[in-house]
Amino acid sequence: MLLQSQLHGWSPLVRFPGPGGQCSRTVPAGMSGRTGPAALLLLLALLTGGRPLALAESLTMVSWGGSYARACEKAFYEPFASESGIEVRVEDYNGGLAQIRAQVETGNVHWDVVDMEMADAVRGCDEGLLEPVDLGALAPGADGKPAEEDFYPGSLTECGVGTLFYSTIYAYNLERFPGNRPSTIADFFDLEKFPGRRGMRRTPQVNMEFALMADGVPLDQVYAALRTQEGLNRAFRKLDSIKDHIVWWEAGAQPPQMLADGEVTMSTAYNGRIFNAQVLENQPFVIVWDGQLLDTGQLVIVAGSPNLEAARKFFSFATTVRSMVAVGRYISYSPTRQSGTALISTHLETGVDMKPHMPTTPENAARGLQYDWEWWSDHIDEMNLRFIAWLLR
Amino acid sequence: MRPAVLVLPLAAFILVTFVAPLLVMLGRSVHDPMVADALPETLGLLRSWDGKRVPPEAVFETMARELLKARREKSLGRIATRVNRVQAGLRSVLMKSVRRLRGAQPPDSWREAMIALDPKWGQTRTWHAIRRAGERFTLRHYLHALDMDQAPGGGIIRQPPDLRIYLPLLRRTLAVSLGITLLCLLLGYPIAYLIANAPPHRANLLLLLVLVPFWTSLLVRTTSWIVLLQTQGVINDLLAAVGLIADDQRISMIYNMTGTVVAMTHVLLPFMVLPLFSVMRTIPPLYMSAAASLGASFLQAFRRVYWPQTLPGVAAGSLLVFILAIGYYITPALVGGQSGQLISNMVAYHMQQSLNWGLAAALGGILLGGVFLLYLVFNRLVGVDRMRLG
């Protein structure tokens, strides 16, 4: 409880480790479960007569924690570890380039593969923080098409490969709105019709877009509006209207928790996290797809990765159709390869059909917006300052 | 000679671990050679540019050549980030242009080719921004730290209201520090008096009660306040249990300014109590009795006899608490929420998140200057030699 409330109040100005602190887990090579790697090491040490031994190859994979990281762990970290014999250590973070920049600039790189947002992957690449992708190393599609043609346009960048589509949506707790239910993005900002506190991610990204869409800006003009001073003012004015009722979150695992605790009645969230709470915990959450913001999650290798060979092998494994489809059996994120779309099936643990829950399913994407990573990678520093200034007002 | 040798290890230690980094950081606040080193020829040509019309072909050609070279040396991203700090939006103009120009045949006119790639190349603002980002020594960071900026044509302007952050924060930091200092004085003075005038065994116990929290980790003390003050915390639970507040109307006492002030006052209290105690200990209780025997009421005696003698302690404690409060970081970061942030959290933001170390250094420099100024004023008013720290 302490940690949870601490996170809710976490300052906007510093980013601390996500829930559970700088949590790191290990997926030991050749072992499918989570039986202690320490025990294994001890055993090996005994067998070799206590002499120091060269450890098996390993790499550090940094991801977003919570149910998403667990899904990836089952879908491809563990299969990779058991097939290749390379140990995958898992760390959590909450996005951003700061930690990678610090590692690269001080020459003390200890992350190998990172799961990041598109805008960060492009910026990190431009700044030389990431290894360029070797397109030749990407496996062909399920139908044998070469990788370059199989990936949806725009999901491959110079240093990153999109492995899934995810979207930021808002969800509400059905128990709080038994009668009239929210159905549009405008409803999220309507405190009169739908009273209660709102959860939002403590960043300007996504919130600005939501605010403009809710204020009536047509989908195709949202980013055009953000390019103007009036548009920015309009977005902040809209955010102002609910400012006192916002509870800020930072880690993707927080919104489902906040909705369940009743701390908020609705919250922006990553769609997969809400889905997992729905099917695995039977939470009465409802996703509102209207105004969803679609983005691709990128996998990148950090420049100067200490385990480059292992990282490359892992990277190739993770970007196969098989891995992408496997992730979609644990959490509702859809493949970025065209040959993977047809293979979307059911949720492995509950047998729920995944198609209606994917962000790219036409009904869900109908009133959605594609996240403009180029605009954000240019304006993130300035927008952060505006956002902080607004928070302080 | 001998004293000098004896302090030499300490002096060397301080020089290496404190003075040198401080100077390096202060240097960063005015000095950034990154862009100047990467685009020497372009900047040389821009020096003779009139600044009114779009620069000539030669400037474009040199710029393209030097940008392509920077790209090969993997410094382009860092250059683009710095230019982008002067004018947001130029990062992608630089990156995109280089991406397109790389590998392509050299065009007949670089100027036309680049303007065709992005119309921003045809705006004088862009070139002003590049010229400013290329200044080896600059006061830009200090201007930004004071919510000001250079106008493209020269001269200094204030930032638009929605980008003013640092001055309001600085004002807030000063006000909060002052408030905390007063609170500490109000709370600490009676305690120090009690300890100074208690019989020895009780004084020791009381002093221990002040010292134990003082020795306890800052993080532990701050997180204890979270346990106490949060909405589902001990105090709210108690209030709700005895029915003073309704269960759905619990008071928010943390993640706002209240949390910052409460936790910081607690953390800084020993810094007030200890100097006060050490001064009060030396004031013979007989003085007060003497004043009383001469007919002074307790208040009179206190005001005219006791209080003036404790002034060095008051001054020392207040100065210590105030200076510590002004630069405080961890506590507001943990319990300040969004309304309880202080200027130091902004320094941390620029150190860790935006990685604009120049600006972080400038903010730190301004704080340092402020503390020095305070010290000088204090020295004038009270005299540092009268101060007693213990």
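Q: Into which domains is chain A divided?
A: Keep in mind that this is a predicted model. Both domains of chain A are built from two separate stretches. The division gives domain 1 (15-166 + 297-358) and domain 2 (167-295 + 365-392).

Q: Which helix of chain A gives the most to the side of domain 1 that touches domain 2?
A: The contact draws 24 residues from domain 1 of chain A and 20 residues from domain 2 of chain A. On the domain 1 side, α3 (66-84), α5 (118-126) and β5 (160-173) of chain A each put in at least two residues. The top contributor there, with four residues, is α5(A).

Q: How do the residues of that domain 1 side in chain A divide into nonpolar, polar and charged?
A: We're still on the side of domain 1 of chain A that touches domain 2 of chain A, which holds 24 residues. Sorted by class, they come out as eleven nonpolar, nine polar and four charged.

Q: Which element supplies the largest share of the side of chain A that touches chain B?
A: Between the chains, 29 residues of chain A meet 38 residues of chain B. Elements giving two or more residues on the chain A side are α1 (2-8), α4 (98-105) and α17 (373-392). By class, that side has eleven nonpolar, nine polar and nine charged residues. The largest share, 13 residues, comes from α17(A).

Q: How far apart do the C-alpha centres of the domains of chain B lie?
A: Chain B splits into domain 1 (33-133) and domain 2 (166-386). Going from one C-alpha centre to the other, the separation is 52 Å.

Q: Why do the buried residues of α12(B) line one face of the helix?
A: Helix α12 of chain B covers residues 218-229 and spans 17 Å from first C-alpha to last, close to the 16 Å expected. Its buried residues are T222(B), W225(B), I226(B) and L229(B). An α-helix has 3.6 residues a turn, so residues three or four places apart point the same way. Looking down the axis of α12(B), the buried residues line one face because they fall within an arc of 105°.

Q: Which residues of β2(A) point one way and which the other?
A: Strand β2 of chain A (residues 58-63) is mostly covered, with six of its six residues buried. In a regular strand the side chains alternate between the two faces of the sheet. Here one way goes to S58(A), T60(A) and V62(A), and the other way to L59(A), M61(A) and S63(A).

Q: What is the bridge partner of S58(A) in β3(A)?
A: Strands β2(A) and β3(A) (the latter residues 87-92) run parallel and are joined by six bridges. For S58(A), the partner in β3(A) is E87(A).

Q: Is Y152(A) buried, exposed or partly exposed, and why?
A: Y152(A) sits in the loop between α6 (147-150) and β5 of chain A. A residue needs 20 or more neighbours within 10 Å to be buried, and 12 or fewer to be exposed. Y152(A) has 17 C-beta neighbours inside 10 Å, so the verdict is partly exposed.

Q: Which residues does Y152(A) touch, not counting those up to four places away in sequence?
A: T184(A) lies 32 residues from Y152(A) along the chain, and their C-alpha atoms are separated by 28 Å. Beyond the excluded sequence neighbours, the residues that Y152(A) touches are T336(A) and Q338(A).

Q: What percentage of the residues in chain A is buried?
A: Chain A carries 17 helices and eleven strands. Out of its 393 residues, the buried ones make up 53%.

Definitions and conventions. Residues numbered from 1 in each chain as written. Chains lettered and ligands numbered in written order. Predicted model: local features only at pLDDT ≥ 70, side-chain atom pairs only at ≥ 80, totals over all residues. Domains from an automatic or database assignment. Contact = placed C-beta atoms within 7 Å. Nonpolar A, V, L, I, M, F, W, Y, C, P; charged D, E, K, R; others polar. Expected span 1.5 Å × (residues − 1). Arc of directions from axis to C-beta. Pairing = 2+ DSSP bridges.
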